[in-house]
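Please open the model in your viewer and keep the sequence panel at hand. The tour below proposes a series of selections and states what each one contains.

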Amino acid sequence: MTPREERRFLKRLKARDEEAFTLFVELHQHRVFNLIYRMLGSREEAEDLSQEVFVTVFKTIHTFREESALSTWLYRIAVNHSKNRLKYLSRRQAGRQQSLEDTGDLDLIAAGQRSMAQPELLAAGREMEQLVQEALVALDEDHRLVILLRDVENLSYEEIGEVTGVAPGTVKSRLHRARAALKEALKKVEQRGKKP
Amino acid sequence: MTANPPVHYIDEQLSAYLEGELTQQEKDALEDHLVHCRRCREAMDELQRTRALLGSLPRQSAPSFFTSRVQGRIRRRSRGRFFSDSLLSSYRIIYLVAPIILVMLAALYILSLAGSDLVDGTTGLGVEELRQQGEGTGDAGQEPVQSTDAGEWLQPDASDGPPATPGGPNGEE
């Protein structure tokens with residue numbers, strides 16, 4: 001889409017043009033869904049939340065000030081929704097999680113996290129994807145997000161900064177720490193997977 | 001990062017190398033170090049593998065009917081103001097009405113052909129002409145086709161406020 005076409009398209013979106021909005025959803029649905037799925041590790045949650053993201057876009061498109069790309073703004077909404085949902089889910093699981101932490105059994109905690117991702121990933125031939133997803137879910141939320149935006153969605157540091165609201169320099173250092181953490185998390189889940 | 005190479009590089013530095021963020025001097029030092037240090041080489045391999053695994057993660061697609069589900073949520077929350085499910089406000093009506101109109105036109109055409117073939121042997125007049133003579137009307141058997149109605153149905157509902165364009169290809173819920 002040329003900048004002129006994009007401006008015209010945006011104008012239609014802001015006028016709540018249903019046809020334009022439908023096209024917008026069809027263009028971006030998979031990207032939004034994939035990001036949220038990787039953040040939450042659950043297809044069911046991702047489906048529900050992705051729909052909410054587009055409802056929010058429709059409701060609030062008039063507030064988009066065009067200081068960033070529309071796709072960046074969409075990512076920001078998806079990220080905010082994901083963070084809120086993660087908070088909600090962690091609160092919901094807090095009781096159970098706390099009791100596991102009290103026992104000091106990290107394997108059990110990881111097993112609890114794994115259960116989020118399991119139903120969709122246990123299909124044959126997808127073991128590695130499952131391991132990576134497990135390792136991702138085990139990461140700190142900000143680390144997971146920066147890795148997904150950079151290494152899966154291929155956003156630039158500047159774009160990630162706009163999405164997450166942190167300076168590009170911070171994004172950079174956070175990314176390096178996140179990769180190191182993911183490497184270790186992956187090692188752990190692989191070792192656990194090798195145990196009989 | 002200092003100019004003097006560390007005893008061992010940490011993952012953050014190796015990641016910065018993979019991103020091409022090191023100065024030429026730092027890059028050279030790291031590459032020299034990797035030649036001699038097995039531990040850092042393995043760390044680098046693991047980091048590269050991790051990144052490759054992330055890159056190869058299959059992209060998960062949104063489920064079928066995603067768009068129509070979003071439209072449904074908006075419709076419910078806007079209490080039908082947007083994405084109204086009414087057939088009349090959707091392009092889908094074309095697909096429903098067009099075949100009916102075509103069938104009606106075809107039927108009329110066939111009837112008119114059949115009618116012109118039926119000629120009265122005694123008078124030499126066709127059935128239509130006989131009927132016209134008998135009844136004195138000129139439009140017997142010619143029911144008007146309500147084709148303009150479909151055009152009206154496709155007009156957006158003015159009460160919707162913003163332009164109520166059709167719901168799009170995924171109209172099904």
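**Stop 1: Phe54(A) and its surroundings**

Begin by selecting Phe54(A) in this predicted model. Leaving aside residues up to four places away in sequence, Phe54(A) touches Phe21(A), Phe24(A), Val25(A), His28(A), Gln29(A), Val32(A) and Leu74(A), and also Phe66(B) and Val70(B) of the other chain.

Next, widen the selection to the largest nonpolar core, which has 62 residues. Phe54(A) is among the residues with the most contacts inside this core, together with Leu13(A), Phe21(A) and Leu136(A). Which helix gives the most to the core? Helix H2 of chain A, residues 18-40, does, with 11 residues. In soluble globular proteins, nonpolar side chains tend to be buried together.

Then select Tyr9(B), Ala16(B), Leu18(B) and Ala29(B), which are among the 13 residues of another core, lying apart from the largest one.

**Stop 2: the two chains**

Colour by secondary structure and display chain A alone. Chain A contains nine helices and zero strands. Of its 196 residues, 50% are buried. When contacts between residues at least 6 apart in sequence are taken, 63% of those in chain A join residues at least 24 apart. The area that chain A exposes is about 9,500 Å², of which carbon and sulfur atoms supply 50%.

Now switch to chain B. Here there are seven helices and zero strands, and buried residues account for 31% of the 173 residues. For chain B, 56% of the contacts between residues at least 6 apart in sequence join residues at least 24 apart. Chain B exposes about 11,100 Å², with 55% supplied by carbon and sulfur atoms.

**Stop 3: helix H3 of chain B**

Select residues 38-55 of chain B, which form helix H3. How far apart are its end C-alpha atoms? They are 25 Å apart; at 1.5 Å a residue, the 18 residues should span 26 Å, so the two values agree.

Within H3(B), highlight the buried residues: Cys40(B), Ala43(B), Met44(B), Leu47(B), Thr50(B), Leu53(B) and Leu54(B). An α-helix has 3.6 residues a turn, so residues three or four places apart point the same way. To see what covers the buried residues of H3(B), add helices H6 (127-138), H7 (141-152) and H9 (168-194) of chain A, along with H1 (11-18) and H2 (24-36) of chain B; the cover includes these elements of both chains.

**Stop 4: a pair of cysteines**

Keep Cys40(B) selected and add Cys37(B). Both are buried, Cys37(B) with a relative accessible area of 9% and Cys40(B) with 1%. Why is there no bond between the two sulfur atoms? The sulfur of Cys37(B) is 3.6 Å from that of Cys40(B), its closest cysteine sulfur, and this is too far for a bond; the cut-off for a disulfide is 2.5 Å. Over all chains, the structure holds zero disulfides.

**Stop 5: confidence along chain B**

Finally, colour chain B by pLDDT. The average is 72, and 57% of the residues score at least 70. Where is confidence lowest and where highest in chain B? Helix H7 of chain B (residues 147-153) has the lowest mean, 31, whereas helix H4 of chain B (residues 66-77) has the highest, 96. End by selecting residues 136-173 of chain B, over which the pLDDT is below 50. In the model this stretch has 62 contacts beyond near neighbours in sequence.

How values were computed
Residues numbered from 1 in each chain as written. Chains lettered and ligands numbered in written order. Predicted model: local features only at pLDDT ≥ 70, side-chain atom pairs only at ≥ 80, totals over all residues. Heavy atoms only, no water. Helix = DSSP H or I, 4+ residues; strand = E, 2+ residues; numbered from the N terminus. Expected span 1.5 Å × (residues − 1). Buried < 20%, exposed > 50% of the residue type's maximum accessible area, 1.4 Å probe, protein only. Contact = heavy atoms within 4.5 Å. Core = buried A, V, L, I, M, F, W, Y, C linked by side-chain atoms within 4.5 Å. Areas by Shrake-Rupley, 256 points an atom, 1.4 Å probe, with all protein chains shown as cover. pLDDT = per-residue confidence, 0-100.
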